[in-house]
Amino acid sequence: MKKILVVVGGGRPNGNTNQLVDAFIRGATKAGHQTEKISLNKMEVKGCIGCNACRYGKPCIQKDGFNELVPKIREADLIVFASPLLFWTLSSKIKAFIERFYCIAEEDCNPPYGRYEKYPVKDAALLMTSADDLFWTYEQAVSYYKFAIINYIGFRDKGMLLAGGCGDTNGKPQIDQTNHLQAGYEFGKTIY
Ligand SMILES: Cc1cc2nc3c(=O)[nH]c(=O)nc-3n(C[C@H](O)[C@H](O)[C@H](O)COP(=O)(O)O)c2cc1C
């Protein structure tokens, strides 16, 4: 049994992203894992302001939802980053959540080349939905995920589900007309 924290960075309440997340959670639950879903629409997490108080042993000066998330992050085996594709990348809400990892970093006396501190080592996965489904649709989002979360923070990649062709937000969510929900369920069920 693994502990899975799913952080949803926006999207409509019963939109494509939440439906994909729920399918993933159903699969992971079926496989016996413990899951928790956090919506950044409901919980405010602001971006890092770079005050560096955390570098002097002080807690983050921003009093928002991230403080509540810190113990959940520490306990989780897997953190799932979920977001609609907005202007070709992850939402600003999920980006703000990632920026705040700065305050849980620890000093590393011997960091690897290009990394300046030590982060808790977790597994990570990416769930995204979009209107387009072209070969470049997810290029920036995947690049950010791989560069920042996997290569820089150092999380271990457990995979991505990039659900293109779900329709734009001008109409009803269309993910139920694709095979992405089944794929999301299978992804959750087989993630470990
Ligand atoms: C502000 C905004 C920007 C968007 N940018 C893109 C984009 O760059 N590429 C794309 O394919 N879809 C884009 N979309 C469409 C959404 O990614 C897509 O409809 C997504 O499935 C919506 O998720 P939801 O149903 O969970 O709200 C955008 C939607 C909004 C509201």
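A residue counts as buried if 20 or more other C-beta atoms lie within 10 Å of its own, as exposed if 12 or fewer do, and as partly exposed in between. With that scale in hand, a reader can follow this report on a predicted model, which begins with single residues and then turns to strands, a helix and the ligand.

**Residues on the scale**

Arg-115 has 14 C-beta neighbours inside 10 Å and therefore counts as partly exposed. This residue is found in the loop between strand 4 (106–107) and strand 5 (117–118). Its C-alpha atom is separated by 18 Å from that of Asp-157, and the two residues are 42 residues apart along the chain.

Two residues in other loops count as exposed, and each has a positive phi although it is not glycine. Asn-52 is exposed because it has 12 C-beta neighbours inside 10 Å, and its place is the loop between strand 2 and helix 2 (66–75). Phe-87 is exposed because 8 other C-beta atoms lie within 10 Å, and this residue belongs to the loop between strand 3 (78–84) and helix 3 (92–99). The phi of Asn-52 is near 65°, while the phi of Phe-87 is near 50°. As background, most residues other than glycine have a negative phi.

Ile-191 sits in the segment after helix 5, and it counts as buried because 20 other C-beta atoms lie within 10 Å. Which residues is Ile-191 in contact with, leaving aside its neighbours within four places in sequence? They are Ala-28, Leu-78, Ala-125 and Lys-158. Ala-28 is 163 residues away from Ile-191 in sequence, yet the C-alpha atoms of the two are 7.4 Å apart in space.

The counts for the residues discussed so far are gathered here.

| Residue | Other C-beta atoms within 10 Å | Class |
|---|---|---|
| Arg-115 | 14 C-beta atoms | partly exposed |
| Asn-52 | 12 C-beta atoms | exposed |
| Phe-87 | 8 C-beta atoms | exposed |
| Ile-191 | 20 C-beta atoms | buried |

**Paired strands**

Strand 1 (residues 3–8) and strand 2 (residues 34–39) run parallel and are joined by six bridges. Within this pairing, Leu-5 stands opposite Glu-36 of strand 2, and Val-6 has Lys-37 of strand 2 as its bridge partner. Together with helix 1, these two strands make a right-handed β-α-β unit. Strand 1 is mostly covered, since five of its six residues are buried.

Strand 1 also pairs with strand 3 in the parallel sense, over five bridges. Here Ile-4 stands opposite Leu-78 of strand 3, and Val-8 stands opposite Ala-82 of strand 3.

How many of the seven residues of strand 3 are buried? Seven of the seven are. In a regular strand the side chains alternate between the two faces of the sheet. In strand 3, Leu-78, Val-80, Ala-82 and Pro-84 point one way, whereas Ile-79, Phe-81 and Ser-83 point the other way, and all of these residues are buried. Strand 3 runs parallel to strand 6 as well, and seven bridges join the two. In this pairing Val-80 has Ala-125 of strand 6 as its bridge partner.

**One face of helix 5**

The buried residues of helix 5 (residues 180–189) are His-180, Gly-184, Phe-187 and Gly-188. Seen down the axis of helix 5, these residues fall within an arc of 95°, so they line one face of the helix. An α-helix has 3.6 residues a turn, so residues three or four places apart point the same way. Among the elements that cover the buried residues of helix 5 are helix 1, strand 6 (123–129) and strand 7 (156–163).

**Around the ligand**

The ligand is surrounded by 21 residues, and the closest of them are Gly-11, Gly-15, Thr-17, Pro-84 and Asp-132. One of these, Pro-84, has already appeared among the buried residues of strand 3. By class, the shell around the ligand has eight nonpolar, 10 polar and three charged residues. Which element gives the largest share of this shell? That share, three residues, comes from helix 1 (residues 16–30). Helix 1 is also part of the β-α-β unit with strand 1 and strand 2, and it is included in what covers the buried residues of helix 5.

Key
Residues numbered from 1 in each chain as written. Predicted model: local features only at pLDDT ≥ 70, side-chain atom pairs only at ≥ 80, totals over all residues. Near = placed C-beta within 6 Å. Helix = DSSP H or I, 4+ residues; strand = E, 2+ residues; numbered from the N terminus. Nonpolar A, V, L, I, M, F, W, Y, C, P; charged D, E, K, R; others polar. Pairing = 2+ DSSP bridges. Right-handed = clockwise from strand over helix to strand, strands pointing away. Arc of directions from axis to C-beta. Contact = placed C-beta atoms within 7 Å.
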